[in-house]
Amino acid sequence: MAEEFDFDKKKAHKKRHAGRKAEKKAEKNKHVQDLTAKQRNPKAFAFHSAVKAQRTFVRSQDIKAKKHHIPVVDRAPLEPPPAVVAVVGGPKVGKSTLLRCLIKNYTNQRLSEINGPVTIVAGKKKKLTFIEVNNDINCMIDIAKVADIVLILIDATFGIEMEVFEFLEICRAHGSPRIMGILNHLDMMKDNKVLKKKKKTLKHRFQIELYPGAKLFFLSGIIHGEYLKNEIKNLSRFISVMKFRPLTWRSTHPYVIVDRYEDITNPETVRLNPKCDRDVVLYGYVRGVPLQKNQAVHIPGCGDFRLKDVSFLPDPCPLPEQLKKRSLNAKERLIYAPMSGVGGVVYDKDAVYIDLGGSHHGNKNKV
Ligand SMILES: Nc1nc2c(ncn2[C@@H]2O[C@H](COP(=O)(O)OP(=O)(O)OP(=O)(O)O)[C@@H](O)[C@H]2O)c(=O)[nH]1
């Protein structure tokens, strides 16, 4: 039956490819084949929606602009100096408490008193230097120049303070570092509804001030003078993995955050003339590009000086040598805080100090 049906089928049209007729047809349609589809049928390609057309235009411009973008060259050495984390906030907001908790979480060491920068090994490839910023405009200006990450503490019962706005404004002038907000004193608000509303409004205000999507952390309470372990753990993990864009000015100029200083002027000279010129040794990680001998330097608040000598010292807080293990062990979680009274043996230009950390060590309030 099927065979019969096939037999009845009409012969299909066969297009001529050669011969007089084919040549004639090709001659006739020659101009049509030269045209593009858009030229042949312009109506099909006209835009029907202005919004869609605008989107297409913006997208193509974005792609073009991206091609022009010059990639930032990271000039950091193989083992880069620690990233600077500044803790900013109004008076009595809990900066010292937060720093103490973070350091305890990273290194398992309790610092009774925090003075000056504290450097720690935060991970297999990461070192951090924490600095508490005083509520002083000069301090803020100095720190804004060097900070890589800024933690802004906000008291939920009070809201964002004037000092924070000032600091953000200063940061903008120096090329903004990575900024993260931390909301604390949440335990002071007992009403759940009020708390929820406050969290929402402060988050909104914070994002208006910075950028949409800026991270705001919540520290819900304090127990025995310390924030909740879990929250601090999350926060420190977040800080450890934070990435920041190298700022061009910083990566092309040498600068040092002084961890420790020492006056090595002859005491006899000082006794004879208390206002004599002093010889001072400054210790710290050189950031940006290397420092040269005899280089002119500016010390904020002191003036311009020339370096007499620069010497290389072993890293007081080195990263672990092996990179195989999954996490750091207790020995590798080093801390270097020369002004705060930890660090064990300290070598100076003229002496060696051993920190015994006895029973009367640190805590002043107990005496
Ligand atoms: N209830 C409550 N108290 C807090 C919280 N955070 C900090 N505090 C308390 O606030 C007080 C001040 O904390 P500090 O860490 O000394 O504040 P600070 O910002 O370092 O203070 P200054 O350096 O003097 O400006 C301490 O008694 C803390 O226990 C919090 O989230 N809730």
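**Figure 1. Surroundings of L186 in the predicted model**. Apart from neighbours within four places in sequence, L186 has A156, L195, F218, L219, S220 and G221 as its contacts. The residue belongs to the loop that runs between β5 (178-184) and α10 (192-209). L186 counts as partly exposed because 17 C-beta neighbours lie inside 10 Å. K198 follows 12 residues along the chain, and the C-alpha atoms of L186 and K198 are separated by 9.4 Å.

**Figure 2. H185, in the loop between β5 and α10**. H185 is not a glycine, yet its phi is positive, at about 60°. There are 18 other C-beta atoms within 10 Å of H185, so this residue is partly exposed.

**Figure 3. Helix α10 and the loop that follows**. Helix α10 consists of 18 residues. From first C-alpha to last, α10 reaches 26 Å, close to the 26 Å expected at 1.5 Å a residue. The number of buried residues among the 18 of α10 is one, so the helix lies largely in the open. P212 is found beyond this helix, in the loop between α10 and β6 (216-218). P212 counts as exposed because it has 7 C-beta neighbours inside 10 Å. Between P212 and R110 there are 36 Å in space, C-alpha to C-alpha, and 102 residues in sequence.

**Figure 4. Helix α9, with its buried and exposed residues**. Helix α9 covers residues 162-174, 13 residues in total. The distance from its first C-alpha to its last is 19 Å, close to the 18 Å expected at 1.5 Å a residue. E163, V164, F167 and C171 are the buried residues of α9. Viewed down the helix axis, the buried residues of α9 fall within an arc of 95°, so they line one face of the helix. They pack against three elements: β1 (83-89), α8 (137-146) and β4 (149-155). M162, F165, E169, R172 and A173, on the other side of α9, are exposed. Just after the helix comes G175, which takes a positive phi of about 90°.

**Figure 5. The shell around the ligand**. The ligand has 15 residues around it, of which G94, K95, S96, T97 and N184 come nearest. Helix α7 (residues 95-107) gives the most to this shell, contributing three residues. By residue class, the shell holds five nonpolar, seven polar and three charged residues. For the complex, the predictor gives an ipTM of 0.95 and a pTM of 0.72.

**Figure 6. K92, in the loop between β1 and α7**. K92 has a positive phi of about 55°, although this residue is not a glycine. With 9 C-beta neighbours inside 10 Å, K92 falls under the limit of 12 or fewer and therefore counts as exposed.

**Figure 7. S311, in the loop between β12 (303-306) and β13 (335-336)**. S311 counts as exposed because 7 C-beta neighbours lie inside 10 Å. S311 and E113 are separated by 198 residues in sequence, and their C-alpha atoms are 30 Å apart in space.

**Figure 8. The chain as a whole and residues 358-367**. The chain contains 13 helices and 15 strands. Of its 367 residues, 19% are buried. Among contacts in the chain with a separation of 6 or more, 70% join residues 24 or more positions apart. The mean pLDDT of the chain is 81, with 85% of the residues at 70 or more. Over residues 358-367 the pLDDT is below 50. Beyond near neighbours in sequence, the stretch 358-367 has four contacts in the model. Where pLDDT is low, predicted coordinates should not be read in detail.

How values were computed
Residues numbered from 1 in each chain as written. Predicted model: local features only at pLDDT ≥ 70, side-chain atom pairs only at ≥ 80, totals over all residues. Helix = DSSP H or I, 4+ residues; strand = E, 2+ residues; numbered from the N terminus. Buried ≥ 20, exposed ≤ 12 C-beta atoms within 10 Å, placed from the backbone. Contact = placed C-beta atoms within 7 Å. Expected span 1.5 Å × (residues − 1). Arc of directions from axis to C-beta. Near = placed C-beta within 6 Å. Nonpolar A, V, L, I, M, F, W, Y, C, P; charged D, E, K, R; others polar. pLDDT = per-residue confidence, 0-100.
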